[in-house]
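Good morning, and thank you for making time on the agenda. I would like to take you through one structure, moving from the overall fold to individual side-chain pairs.

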Amino acid sequence: MILAIDAATKTGWALIKDGQVYESGVQDFSKKRGESNGAMFLRFRNWLSRMLDLNVGFVVYEQAHHRGGAATEICVNLTGRVQEACAERNIEYATVHTGTLKKWACGSGKTDKGQMMARAAAVLGREPIDDNESDAALMGLWAWEEYKA
């Protein structure tokens, strides 16, 4: 099974089984009043561990790019935890660049969020919760095609 992750404060995720979206959603790691980013990273790591326990054999996540400030710090730290957890369990992982995913899903690397969400809705058979779930579902299907994982 593939676990696809769009790592952010509101992390989109999808489990891909036999080339289909088996399950997907959004996990909210927003900080509570007075919490540090470290608390968010710990919650993410605990959630990730539970997800990897679901017989995941491959993980794909969106390549971190510089959004600036806090968003970049959070994304880079979350994806670092993905790498750690995969290394501990000997699970292969890969990244996908946003432009590559957009081109694969919609034919253009400059596709907007609305088009990506429409494509994900067609795949999911329902409206995605948000663009995070949308990206994760499409990312997982891209990985299935690319890596046959």
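I shall begin with the overall architecture and then turn to the side chains.

Please keep in mind throughout that this is a predicted model. The secondary structure of the chain consists of five helices and five strands. Read from the N terminus, these elements follow the order β-β-β-α-β-α-β-α-α-α.

As to overall dimensions, the C-alpha atoms occupy a box of roughly 40 × 30 × 25 Å along the principal axes. The radius of gyration is 14 Å, which agrees with the value near 15 Å for a compact globule of 149 residues. Buried residues account for 43% of the 149 residues. Of the contacts between residues at least 6 apart in sequence, 60% join residues at least 24 apart.

Let me turn to the aromatic side chains. How many aromatic pairs does the structure hold? There are six aromatic pairs. In one of them, the ring centres of phenylalanine 29 and phenylalanine 44 are 5.3 Å apart and the planes stand at 70°, so this pair is edge-to-face. Phenylalanine 29 belongs to the loop between strand 3, residues 20–28, and helix 1, whereas phenylalanine 44 belongs to helix 1 itself, so the pair ties together parts 15 residues apart in sequence. Both of these phenylalanines, 29 and 44, are buried.

Phenylalanine 29 also pairs with tryptophan 47: here the centres are 5.7 Å apart and the planes are at 70°, so this pair too is edge-to-face. Tryptophan 47 is in helix 1 and phenylalanine 29 in the loop before that helix, after strand 3, so this pair ties together parts 18 residues apart in sequence. The relative accessible area is 2% for phenylalanine 29 and 4% for tryptophan 47, so each of the two residues is buried. Taken together, Phe29, Phe44 and Trp47 form one aromatic cluster.

One further ring deserves mention. The charged end of lysine 17 sits over the ring of tyrosine 22, at 5.2 Å from the ring centre.

I come now to the charged pairs. Side chains of opposite charge can pair when their charged atoms come close. A search of the whole structure finds six salt bridges. I shall describe several of them.

Arginine 43 forms a salt bridge with glutamate 35, with the closest N and O atoms 3.0 Å apart. Arginine 43 is partly exposed at 24% relative accessibility, and glutamate 35 is partly exposed at 25%.

Arginine 89 forms a salt bridge with aspartate 53, where the closest N and O atoms are 2.8 Å apart. Which parts of the chain does this pair link? Arginine 89 is in helix 2, residues 69–89, and aspartate 53 is in the loop between helix 1 (37–52) and strand 4 (58–62); the pair links distant parts of the chain, 36 residues apart. Arginine 89 is partly exposed at 31% relative accessibility, while aspartate 53 is exposed, with a relative accessible area of 53%.

Arginine 126 and glutamate 133 form another salt bridge, with the closest N and O atoms 2.5 Å apart. Is each partner buried or exposed? Arginine 126 is partly exposed, with a relative accessible area of 36%, but glutamate 133 is buried, at 0%. In addition, Arg45, Glu84 and Glu88 are linked in a network of salt bridges.

Aspartate 6 is an acidic residue that I would like to place in its surroundings. Aspartate 6 lies in strand 1, residues 2–6. With a relative accessible area of 4%, aspartate 6 is below the 20% limit and therefore buried. Beyond its neighbours within four places in sequence, aspartate 6 is in contact with Thr11, Gly12, Glu62, Asp131, Asn132, Asp135, Ala136 and Met139.

I close with the cysteines. How many disulfides does a search of the whole structure find? The search finds zero disulfides. For cysteine 86, the nearest cysteine sulfur is that of cysteine 75, 15 Å away, and cysteine 86 is in no disulfide. A disulfide is a covalent bond between the sulfur atoms of two cysteines. Cysteine 86 counts as buried at 1% relative accessibility, whereas cysteine 106 is partly exposed, with a relative accessible area of 31%.

That concludes the presentation, and I welcome your questions.

Methods: Residues are numbered from 1 along each chain as its sequence is written. This is a predicted model: local features need pLDDT of at least 70, side-chain atom pairs count only at pLDDT 80 or more; totals for chains, interfaces and linings use all residues. Side-chain values use heavy atoms; hydrogens and water are left out. Helices (H or I, at least four residues) and strands (E, at least two) are DSSP runs, numbered from the N terminus. Buried means under 20% relative accessible area, exposed over 50%, partly exposed in between (1.4 Å probe, protein chains only). Contact means heavy atoms within 4.5 Å. A disulfide is a pair of cysteine sulfur atoms within 2.5 Å. A salt bridge is a side-chain nitrogen of Lys or Arg within 4 Å of a carboxyl oxygen of Asp or Glu. Rings of Phe, Tyr and Trp (its six-membered ring) pair if their centres lie within 6.5 Å; planes under 30 degrees apart count as stacked, over 60 as edge-to-face and the rest as tilted. A charge sits over a ring if NZ of Lys or CZ of Arg is within 6 Å of the ring centre and within 35 degrees of the ring normal. The radius of gyration is taken over C-alpha atoms; the globule rule is 2.2 Å times the number of residues to the power 0.38.
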